[in-house]
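The following exercises are to be worked through with the sequence and the 3D structure at hand. Each task is followed by a solution that goes step by step.

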Amino acid sequence: MITITTTEELNAFCTRARTHPYVTVDTEFLRERTYYSKLCLIQLAVPGNDDADAVLVDPLAKGLSLEPLYELFRDPGVVKVFHAARQDLEIFCIDGDVIPAPLFDTQVAAMVCGFGEQVGYETLVRKIAKSSIDKSSRFTDWSRRPLTDQQKAYALADVTHLRVIYEHLAGELARTGRTAWVEEELSILSDPETYRVRPEDAWKRVKTRTQTGKFMAILRELAAFREEYAQTNNVPRNRVFKDDAMVELASTKPQSEKDLSRARLLLREARKGEIADGILAAVKRGMAIEPADYPQLDRSREKLQVNPALADLLRVLLKAKAETAGVAQKLIATSSDLDLIAAGDRDVQALSGWRAKVFGRDALRMVDGRLGLKAQGSDVVVFEL
């Protein structure tokens, strides 16, 4: 098992990788005690069976630059293959300001190829590669050195089996003419904006029953402060203060550290010092916001009247269409998508792109009363009205 610890070794492997049609990639990282993921290990493999065709890269090695890897990621002639790529891509986007392209995600491809909802890597290894994975190193601390041979073997398995899985799924997509479907799905993962968290929008993720203007104005300022503090200090946002504490603060509107000391849900370390100062300043800013500038939630879709019977019919249609196409239902449309269609909304993802071909067009025909469903044995049959 080869572990790369120098820039020269990494450059040599990446130069060789650029002569191949694809490279499989995976990472091991830690995030429990930081805002941003700490990259601890990178696994790479190219087609072949030699030991040199699959390597580990130690990003914690002193003096190692990942720039040769980022150059490989930018090479348009080599497909970069991941499984469930989002967290891996977030790391490379933030650490290296690069999104690997062209990109292939075997989890997305497997959903298009009929392997079910959010299919796991182990399932694909078992069904496609006809092998298994030793799970004993799954919850290891990847930042500790030296790595054991067992840890290295576990990590390498994440990219060696991936070669077989990729070749199988890519071939199946080409056979069925669905390669473009996966490319369409990966457009979101390939967009750097997917991985950028803007403090001014952080309030939209906080769930609260109270939604009065002044309350929401204070909540927005508190959420923005927490996000900025967490990013700047690289700590999890919940280590600053949790959502329930934020809601409490927006309700009680503390004006001093003495007020903060009475906060029931606020962490002790947040009741004084830099965090306390930030909280009080955020509350003050929120209190000063004029009513015309209060944050407003998008409630346009809440006013739509859902026809529950039609929504149920759309669910049956979706199931029938997904089974016929061999595509995971949730990839085609979510339950909320169906409710929106039943309520008259036409700005729904399920009605555009490849989804329109598989489901959306017939969904609209059903809504318009031009398509019906009937039971035929254990199957549901779609017919013209």
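The model used in these exercises is a predicted one.

**Exercise 1. Helix 3 and its surroundings**

Task: Determine which residues of helix 3 are buried, and identify the elements against which the buried residues of helix 3 pack.

Solution.
Step 1. Select the residues of helix 3 that have under 20% relative accessible area. The buried residues of helix 3 are D88, L89, E90, I91, F92, C93 and G96.
Step 2. Follow the contacts of these buried residues. They pack against strand 2, strand 3 (38-45), helix 2 (67-74), strand 5, strand 6 and helix 7 (179-189).
Step 3. Inspect the residue after the helix. D97 follows helix 3 and has a positive phi, near 55°. Most residues other than glycine have a negative phi.

**Exercise 2. The cavity and the largest pocket**

Task: State how many cavities of 30 Å³ or more are counted, and name the residues that line the largest cavity. Then describe the lining of the largest pocket.

Solution.
Step 1. Count the enclosed spaces. There is one cavity of 30 Å³ or more, and the largest cavity holds about 40 Å³ of space.
Step 2. List its lining. The largest cavity is lined by R31, Y36, S37, E90, I91, I94 and D95. Of these lining residues, E90 and I91 also appear among the buried residues of helix 3.
Step 3. Turn to the largest pocket, whose volume is about 590 Å³. Its lining consists of 21 residues, and those nearest the centre of the pocket are D26, E28, Y121, Y154 and D158.
Step 4. Assign the lining to elements. At least two residues each come from strand 2 (22-30), helix 3 (86-96), helix 5 (121-127) and helix 6 (149-176). Strand 2 contributes the most, with five residues.

**Exercise 3. Peptide bonds before two prolines**

Task: For the bond from A101 to P102 and the bond joining R145 and P146, decide whether the geometry is cis or trans, and place each proline in the chain.

Solution.
Step 1. Recall the usual case: most peptide bonds are trans.
Step 2. Examine the bond from A101 to P102. Omega is near -5°, and the bond is cis. P102 is located in the loop between helix 3 and strand 6 (103-105).
Step 3. Examine the bond between R145 and P146. This bond is also cis, with omega about 0°. P146 belongs to the loop between helix 5 and helix 6.

**Exercise 4. Positive phi in two loops**

Task: Give the sign of phi for A84 and for K253, and decide whether A84 and K253 are buried, partly exposed or exposed.

Solution.
Step 1. Begin with A84. Its phi is near 50°, a positive value in a residue that is not glycine. A84 sits in the loop between strand 5 (79-82) and helix 3.
Step 2. Classify A84. Its relative accessibility is 34%, so A84 counts as partly exposed.
Step 3. Proceed to K253. Phi is again positive, about 55°, and K253 is not a glycine. The loop between helix 10 (243-252) and helix 11 (257-261) contains K253.
Step 4. Classify K253. Its relative accessible area is 28%, and K253 is therefore partly exposed.

**Exercise 5. Two acidic residues**

Task: Establish whether D362 and E269 are buried or exposed, and describe the surroundings of each.

Solution.
Step 1. Locate D362, which is part of helix 16 (residues 353-367). Because its relative accessibility is 13%, D362 counts as buried.
Step 2. Set aside the neighbours of D362 within four places in sequence. D362 is then in contact with L317, K321 and L371.
Step 3. Locate E269, which lies in the loop between helix 11 and helix 12 (273-288). E269 has a relative accessible area of 51% and is therefore exposed.
Step 4. Relate E269 to F241. The two are 28 residues apart along the chain, and their C-alpha atoms are separated by 9.4 Å.

**Exercise 6. The chain as a whole**

Task: Report the secondary structure count, the buried share and the charge balance of the protein chain.

Solution.
Step 1. Count the elements: the chain has 16 helices and eight strands.
Step 2. Consider burial: 47% of the 385 residues are buried.
Step 3. Consider charge: there are 55 positive and 57 negative side chains, and the centres of these two sets lie 5 Å apart.

Note on methods: Residues numbered from 1 in each chain as written. Predicted model: local features only at pLDDT ≥ 70, side-chain atom pairs only at ≥ 80, totals over all residues. Heavy atoms only, no water. Helix = DSSP H or I, 4+ residues; strand = E, 2+ residues; numbered from the N terminus. Buried < 20%, exposed > 50% of the residue type's maximum accessible area, 1.4 Å probe, protein only. Lys, Arg positive; Asp, Glu negative; His and termini not counted. Charge placed at Lys NZ, Arg CZ, Asp CG, Glu CD. 1 Å grid on protein atoms, 1.4 Å probe; cavity = no way out; pocket = protein on both sides within 12 Å on 5 of 7 lines; lining within 4 Å. Points joined across faces, edges and corners; volume = space filled by probe spheres on them. Contact = heavy atoms within 4.5 Å.
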